[in-house]
Amino acid sequence: MDVPGFALITGAASGMGKETAKKFAQDGAAGAALLDLNADALEKVKSEVQPLSNNKNFKIVTHALDVSDEEAVMKAVESVKESFGRIDYAVNAAGIAFKHEGGGAFAETKDYRKVLAVNLDGTFFVMRAVAKTMLEQSPLKSSIDGRELGRGSIVNFASVAGLTGIGLSTAYTASKHAVIGLTKTMSEDYAAKGLRFNAVCPGYMDTPMTRQNEVISKAFDERVANWTPMGRAGQPGEVADAVIFLCGGRSSFVTGSAMVVDGGYTER
Ligand SMILES: NC(=O)c1ccc[n+]([C@@H]2O[C@H](COP(=O)([O-])OP(=O)(O)OC[C@H]3O[C@@H](n4cnc5c(N)ncnc54)[C@H](O)[C@@H]3O)[C@@H](O)[C@H]2O)c1
């Protein structure tokens, strides 16, 4: 998939972030920085990712942090830059889902703020710190055909909830619509300077997030059965493939996009 550089992945301890980390290793990346709230799970994922690389110099580092903590994000990105010398790809997969019982009219401010803090602020803090680093580095060349690839590529996890409304998910849909806005605007700001920004919009995916409690699990099964034309949930690796494509040289003319990977959920 043409990802010869160094990657930083948030939400790397589980689900789609974890699958993305594995694919970077399999597809020839020089190294990966795995960031997540869950320190124990991160170390386990590190031991699963390392052997997948054929590159004996493959570097892997972990940082346990809360992406909504601005200071912690700045420190971690600085440390990753010191470890690798550069950051070529950043993937913002850290996120939380929440259903407001009774809908938006009954949503509690603390729940609303928490979802926005992780999904939106966290994505912004990482993007901002990584973009600054990328702007200072020399462009990378394709490992396949030598074409110029620019200074870096950032992929943010939005969702089909960034494109449509979804019942009981006021804060979540607001955060994911906003992630698409952030992505398009940063793309506009830096397209001519060699940075690419894209979002990926998964549909209903088989990950720990969608089985975390009964309300979310029930809504998930209903959406897969009645709203997903392919009639099944997506597997984490099916989104990770899209993320690797958007990070790497195969997508060198793609920026500001929001790619759906949803089994047809948004087709009508
Ligand atoms: N699963 C789906 O159906 C689905 C659909 C569309 C979009 N998404 C989005 O995809 C992304 C990945 O979701 P997933 O299904 O793989 O979820 P997941 O729950 O399996 O993984 C999310 C990871 O993010 C980490 N995380 C949560 N809060 C954090 C914080 N404050 N700081 C750092 N790390 C934090 C968790 O510890 C976890 O490891 C999320 O942004 C989610 O909103 C998921």
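## Strand β1 and its partners

Leucine 8 stands opposite alanine 90 in strand β4. This pairing belongs to a predicted model. Strand β4 covers residues 89-92, and 4 bridges join β4 to β1 in a parallel arrangement.

Leucine 8 also has a partner in β2, where alanine 33 stands opposite. Strand β2 spans residues 31-36 and pairs with β1 over 5 bridges, again in the parallel sense. Between β1 and β2 the chain passes through helix α1, residues 15-26, and this β-α-β crossover is right-handed.

Strand β1 itself runs from residue 6 to residue 10, and 5 of its 5 residues are buried. Cover comes on both faces. Phe6, Leu8 and Thr10 are buried on one side, and Ala7 and Ile9 are buried on the other.

## The largest pocket

How much space lies in the largest pocket? The volume is about 960 Å³. The lining of this pocket counts 42 residues. Nearest the centre lie Gly95, Ile96, Ala97, Met209 and Gln212.

Four helices each supply at least two lining residues: α1, α4 (109-135), α5 (170-190) and α6 (214-227). Helix α1 is also the helix of the crossover from β1 to β2. By residue class, the pocket lining divides into 25 nonpolar, 12 polar and 5 charged.

## The cavity

The model holds 1 cavity of 30 Å³ or more. Its space comes to about 80 Å³. Which residues line this cavity? Asp88, Tyr89, Leu140, Leu149, Gly150 and Arg151 do, together with Gly152, Ser153, Arg196, Cys247, Gly248 and Gly249.

The lining splits into 4 nonpolar, 5 polar and 3 charged residues. Tyr89 belongs to this lining, and residue 89 is also where strand β4 begins. Gly152 is another lining residue, and strand β5 starts at residue 152.

## Phenylalanine 58 and histidine 63

Phenylalanine 58 sits in the loop between α2 (39-49) and β3. Is phenylalanine 58 buried or exposed? Its relative accessible area is 5%, so it counts as buried, the cut-off being under 20%. Asparagine 213 is 155 residues away from phenylalanine 58 in sequence. In space, the two C-alpha atoms are 37 Å apart.

Histidine 63 lies in strand β3, residues 59-64. Here the relative accessible area is 18%, so histidine 63 is buried too. That value falls under the 20% limit. The side chain of histidine 63 has a polar contact with the side chain of serine 79, at 3.4 Å.

## Leucine 168

Leucine 168 is found in the loop between β5 (152-157) and α5. Its phi is positive, about 65 degrees, although leucine 168 is not a glycine.

Leucine 168 has a relative accessible area of 38%. Buried needs a value under 20% and exposed a value over 50%, so leucine 168 is partly exposed. The helix that follows this loop, α5, is one of those that supply at least two residues to the lining of the largest pocket.

Conventions. Residues numbered from 1 in each chain as written. Predicted model: local features only at pLDDT ≥ 70, side-chain atom pairs only at ≥ 80, totals over all residues. Heavy atoms only, no water. 1 Å grid on protein atoms, 1.4 Å probe; cavity = no way out; pocket = protein on both sides within 12 Å on 5 of 7 lines; lining within 4 Å. Points joined across faces, edges and corners; volume = space filled by probe spheres on them. Nonpolar A, V, L, I, M, F, W, Y, C, P; charged D, E, K, R; others polar. Buried < 20%, exposed > 50% of the residue type's maximum accessible area, 1.4 Å probe, protein only. Pairing = 2+ DSSP bridges. Right-handed = clockwise from strand over helix to strand, strands pointing away. Polar contact = N/O pair within 3.5 Å; in protein donor to acceptor, adjacent residues only side chain to side chain.
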